[in-house]
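Subject: Structure handover

Hello,

Here is the structure I promised to pass on. Please open it first, then read my notes below.

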Amino acid sequence: MRQTALAVLVVLLVATAAMLSPAVTRPAAADLPSDVAADFNHDGVADLAVGVLGENGAAGAVNVLYGAGGGLSGTGAQVFFQVGGTPEPGDRFGSALAAGDFNGDGFADLAVGASGEDVGSAFDAGAVSVLYGSAGGLTTTGGRLFTQVGSAAETADEFGYALAAGDFNHDGFADLAAGAPFESVGASQAGAVSILLGSAGGLTATGGRLVTQVGSAVEANDNFGSALAAGDFNSDSFADLAAGAPFEAVGSAGAAGAVSVLPGSAGGLTATGGRLFTQVGGAVEEGDRFGWALAAGDFNHDSFADLAAGAPFERVGSTFAAGAVSTLNGSAGGLTATGGRLFIQVGSAPETFDLFGFALAAGDFDQDSFADLGAGAPWEDVGSAAAQAGAVSVLPGSAGGLTTTGGRLFTQVGGTAETDDQFGAQLAAGDFNSNGFAELAAAAPTEDLGTIPDAGAVSVLQGSGGGLTASGGQLFTQDSPGVPGVAEPSDSFGGAGFTP
């Protein structure tokens with residue numbers, strides 16, 4: 001059984017032992033974005049949804065921390081288990097999260113993937129639950145469970161493995177894209193993405209569609225839909241969708257990776273004008289896994305959303321799996337490789353198995369109107385004693401796009417950097433104290449709490465005029481005051497860790 005990551009605005013991927021070699025392997029289901037920030041109670045302050053993938057035998061759960069003038073706290077915090085279905089071990093509820101106002105009532109709603117949900121006799125077919133926002137926060141009232149649309153639910157499709165919300169048809173209701181990267185489309189595990197439409201009644205399967213990779217032939221083991229990001233790349237008021245296929249072969253380079261872009265339109269997402277991009281700013285190489293993680297943001301403040309795409313297994317010089325992040329610029333014609341750049345870790349030398357670019361999140365951390373980028377390197381060693389403690393690099397936005405000037409590297413705040421914490425495995429950005437500066441939440445899903453192994457923790461770095469800062473940083477666990485639940489072994493609060 002594959003394992004899946006869980007979180008809101010924060011995304012975490014899982015690497016298996018096979019990933020320690022350049023050999024081509026499939027991502028584990030926990031290899032995707034997962035924690036999410038959004039204003040669920042419409043009080044003007046962002047809240048944070050956090051996945052707890054290992055809860056109750058990997059049945060999964062989602063904790064919600066609410067923002068206020070003093071930042072996130074356990075006051076009024078909630079915990080949710082699968083809605084619209086029975087929680088079962090191995091469902092992996094919270095394996096992916098996405099927030100959007102699906103019913104247009106002004107309250108952000110939450111879509112939660114359960115990629116290990118069995119549908120009838122179809123093992124691990126996958127499902128997505130929806131929790132609706134209200135003045136009291138998220139609620140199960142009206143909550144629904146969806147299975148794959150546009151295709152039959154089949155064994156090991158893992159529908160809900162990745163999620164992204166955006167108004168693809170510009171009707172005022174957010175729609176939902178849900179990846180099923182192990183869906184067989186003619187070719188085994190080529191991958192597909194289903195689209196559920198928003199409406200006054202919330203998400204609906206009516207008019208739902210299934211889309212496959214554009215710009216390239218559908219091939220076995222591409223795993224299209226492993227990562228998703230929505231953004232208006234051509235500034236036409238329709239949200240567009242970027243979908244990663246990190247195991248796409250480019251020429252003879254197996255698992256080099258690719259990203260497809262489907263434009264939005266009055267009829268919703270369309271393959272017309274769709275394009276496929278491979279890594280920019282660097283050579284396309286075997287095993288890079290370009291498109292493993294995605295984040296959209298206007299990094300150069302030109303009104304066109306840009307795209308950051310992680311390639312965490314990119315070789316930097318002779319340093320294997322140091323990792324890299326490429327950027328594609330938005331334009332009137334949509335995303336373009338023109339002017340695209342490749343970045344390696346800032347604030348620290350690239351090292352073997354840092355996995356820089358494993359998780360990404362965009363936010364304006366210094367309130368200068370340029371989106372900045374947080375990029376996790378969850379296997380970064382901190383000092384000589386804390387192997388795989390993890391780190392997060394921040395690349396500031398500018399008129400020229402993302403830049404290393406002023407870039408910084410952060411290790412865990414609110415706690416001690418320890419071996420195998422995997423800080424930065426998932427990331428989410430939001431203004432949790434409503435001061436105009438975005439904060440960054442970073443999960444350390446394999447953080448030990450005393451004698452409790454892999455209980456997990458989430459740190460919050462504060463935004464400021466000088467950018468993100470560790471000053472005033474917070475750390476939350478399931479044992480934090482007010483947070484419902486109890487920290488237990490292998491809960492992985494904040495996401496799902498991965499092991500060598």
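Start with one contact. Arg-92 forms a salt bridge with Glu-158, and their closest N and O atoms are 3.4 Å apart. The term salt bridge here means a side-chain nitrogen of Lys or Arg within 4 Å of a carboxyl oxygen of Asp or Glu. Arg-92 lies in the loop between β4 and β5, and Glu-158 in the loop between β8 (139-146) and β9 (162-166), so the pair ties together parts that are 66 residues apart in sequence. Both Arg-92 and Glu-158 are buried. Buried means under 20% relative accessible area, exposed means over 50%, and partly exposed is in between (1.4 Å probe, protein chains only).

Before going on, a note on the source. This is a predicted model, in which local features need pLDDT of at least 70, side-chain atom pairs count only at pLDDT 80 or more, and totals for chains, interfaces and linings use all residues. Residues are numbered from 1 along each chain as its sequence is written, and side-chain values use heavy atoms, with hydrogens and water left out.

Element names follow DSSP runs, numbered from the N terminus: helices are H or I runs of at least four residues, strands are E runs of at least two.

Back to the salt bridges. How many are there by this rule? The count is 2. Asp-124 also forms a salt bridge with Arg-92, with the closest N and O atoms 3.7 Å apart. This pair, too, links distant parts of the chain. Asp-124 sits in the loop between β6 (109-114) and β7 (127-132), while Arg-92 is in the loop between β4 (73-80) and β5 (93-100). They are 32 residues apart. Asp-124 is buried, as is Arg-92. Together, Arg-92, Asp-124 and Glu-158 are linked in a network of salt bridges.

Next, the sheets. Two strands pair if DSSP finds at least two bridges between them.

One open sheet has 4 strands in the order β9-β10-β11-β12, with antiparallel pairing. Which strands are at its edges? They are β9 and β12 (204-211), and each pairs on one side only. The twist averages 20° from one strand to the next. For such angles, axes are lines fitted to C-alpha atoms (for helices, over the stretch in contact), and angles run from 0 to 180 degrees between N-to-C directions. Within this sheet, β10 (175-180) and β11 (192-197) pair in the antiparallel sense over 5 bridges. Ala-178 has Ser-194 in β11 as its bridge partner.

Another open sheet of 4 strands runs β17-β18-β19-β20, again with antiparallel pairing. β17 (293-297) and β20 (336-343) stand at the edges with a single partner strand each, so one side of each is left without a neighbour in the sheet. Neighbouring strands here are turned by 20° against each other on average, direction ignored. β17 and β18 pair over 5 antiparallel bridges. Ala-296 is matched with Leu-307 in β18 as its bridge partner. β18 (306-311) and β19 (324-329) also pair in the antiparallel sense over 5 bridges. There, Ala-308 has Thr-327 in β19 as its bridge partner. β17 is mostly covered, with 4 of its 5 residues buried.

β17 also matters for the next item, the nonpolar core. A nonpolar core is a set of buried Ala, Val, Leu, Ile, Met, Phe, Trp, Tyr and Cys residues joined through side-chain atoms within 4.5 Å. The largest one has 25 residues. Val-325, Leu-355, Leu-360 and Leu-373 have the most contacts inside it. The elements that give two or more residues to this core are β17 and β22 (372-377). β22 gives the largest share, 3 residues.

One more strand pair is worth a look. β13 (227-231) and β14 (240-245) pair in the antiparallel sense over 5 bridges. Gly-231 has Asp-240 in β14 as its bridge partner. β13 is mostly covered: 4 of its 5 residues are buried.

Last, two backbone details. Ser-235, in the loop between β13 and β14, has a positive phi of about 55° although it is not a glycine. At 35% relative accessibility, Ser-235 counts as partly exposed. Asn-56, in helix α1 (55-58), likewise has a positive phi of about 55° without being a glycine. Asn-56 is partly exposed, at 46% relative accessibility.

Best wishes
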